[in-house]
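Here is a friendly walk through a few labels and what earns them. Take a look at the model first.

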Amino acid sequence: MGIVIHSSPLLWTRLAAMVFACVAFSVAIHGARVNHGTGNWCIFCWAFSFAGSLLVILVELFGLQARAPVSWKNFPITFACYAALLCLSASIIFPLYYLRGSSASGPNEIRDYRIVTTVFSCLATITYMSEVSISKARPGEVAGYMATAPGLLKVCETFVACIIFVFISDPVAYDRHDALKYCMSVYCICFILSAAIILLCIGECTGFLPFPFARFLSLYALLAVVLYLSATIIWPIFNFDPKHGGTKERPYNCSSTLGLCMWDKAMVVAVLTAVNFILYLSDLIYSTRLVFVSA
């Protein structure tokens, strides 16, 4: 077993992403004075991205793709897409908490560390997005499902659903009415099925299903569009319509960390629900085209 080096734009992009993510979490740990949950989340995003990129690079350098227990057509691009989304979230959250207001009024040295961390987090985000762009399937090219538009959309759908879960469960915002519990069930069902599809593709287990995988993808995308369309309508009605126990305008005393109270979080969930509806609608269009083109 020897090292195999094939210089390519993809390799250099992965190396750059790994370095940027490494610098981001190293600088944050060293001098950015990260001291609560949001900062720890950002460090996790950068460290996870760095570790995953290192693993992918080592497997390809040593030519171990065939021995990997996952589909190498699907795993690297799936990881790169998640890493891009994680670094993007860290690039937004970190400056909001550490470079805004009173958090930015500390010693200049600490502020400089935080600025450097933010810059390298943004660079990591850009390079991971570039890796996804380079790795995705081109028209007429034979590639894994996760390298296609529907596969990448599945990653985005599960990531948006995770953000919804954060806002909807801390504190619990869906136990006030059965309609809101229905919306929560929509988020859970679609997340579980999308995550299962991703795991099946990465594990190369789609051939063991007792039904055609492509047809299942189209039917599931249609079901998810219908479910998310209903949630996109129901969630705002029961949160912002006074006739159904909601509050139309933001309460005057609505304030907490970063100004996010229950009303704000309900609004964020409403927006993210609409975003996921658009993603699932795009998924349906691409999946339907994929089935008919394959046929």
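The questions below deal with salt bridges, burial and one helix in this predicted model.

Q: Why is the contact between glutamate 60 and arginine 14 called a salt bridge?
A: The N to O distance is 2.8 Å, and the cut-off is within 4 Å, so the pair qualifies. Glutamate 60 lies in helix α2 and arginine 14 in helix α1, so the bridge ties together parts 46 residues apart in sequence.

Q: What makes glutamate 60 partly exposed, and what makes arginine 14 buried?
A: Buried means under 20% relative accessible area and exposed means over 50%. Glutamate 60, at 26%, falls in between, so it counts as partly exposed. Arginine 14 has 5%, so it is buried.

Q: What makes Arg14, Glu60 and Glu131 one network?
A: Arginine 14 also forms a salt bridge with glutamate 131, with the closest N and O atoms 3.0 Å apart. That pair links helix α1 to helix α4, 117 residues apart. Salt bridges with shared partners thus join Arg14, Glu60 and Glu131.

Q: How do you know that lysine 154 and aspartate 283 form a salt bridge?
A: Their closest N and O atoms are 2.6 Å apart, and the limit is 4 Å, so the label fits. Lysine 154 is in helix α5 and aspartate 283 in helix α8, so parts 129 residues apart are tied together. Lysine 154 is buried at 0%, and aspartate 283 is buried at 0% too.

Q: Why is α5 described as mostly covered?
A: Of its 21 residues, 15 are buried.

Terms used:
Residues numbered from 1 in each chain as written. Predicted model: local features only at pLDDT ≥ 70, side-chain atom pairs only at ≥ 80, totals over all residues. Heavy atoms only, no water. Buried < 20%, exposed > 50% of the residue type's maximum accessible area, 1.4 Å probe, protein only. Helix = DSSP H or I, 4+ residues; strand = E, 2+ residues; numbered from the N terminus. Salt bridge = Lys/Arg side-chain N within 4 Å of Asp/Glu carboxyl O.
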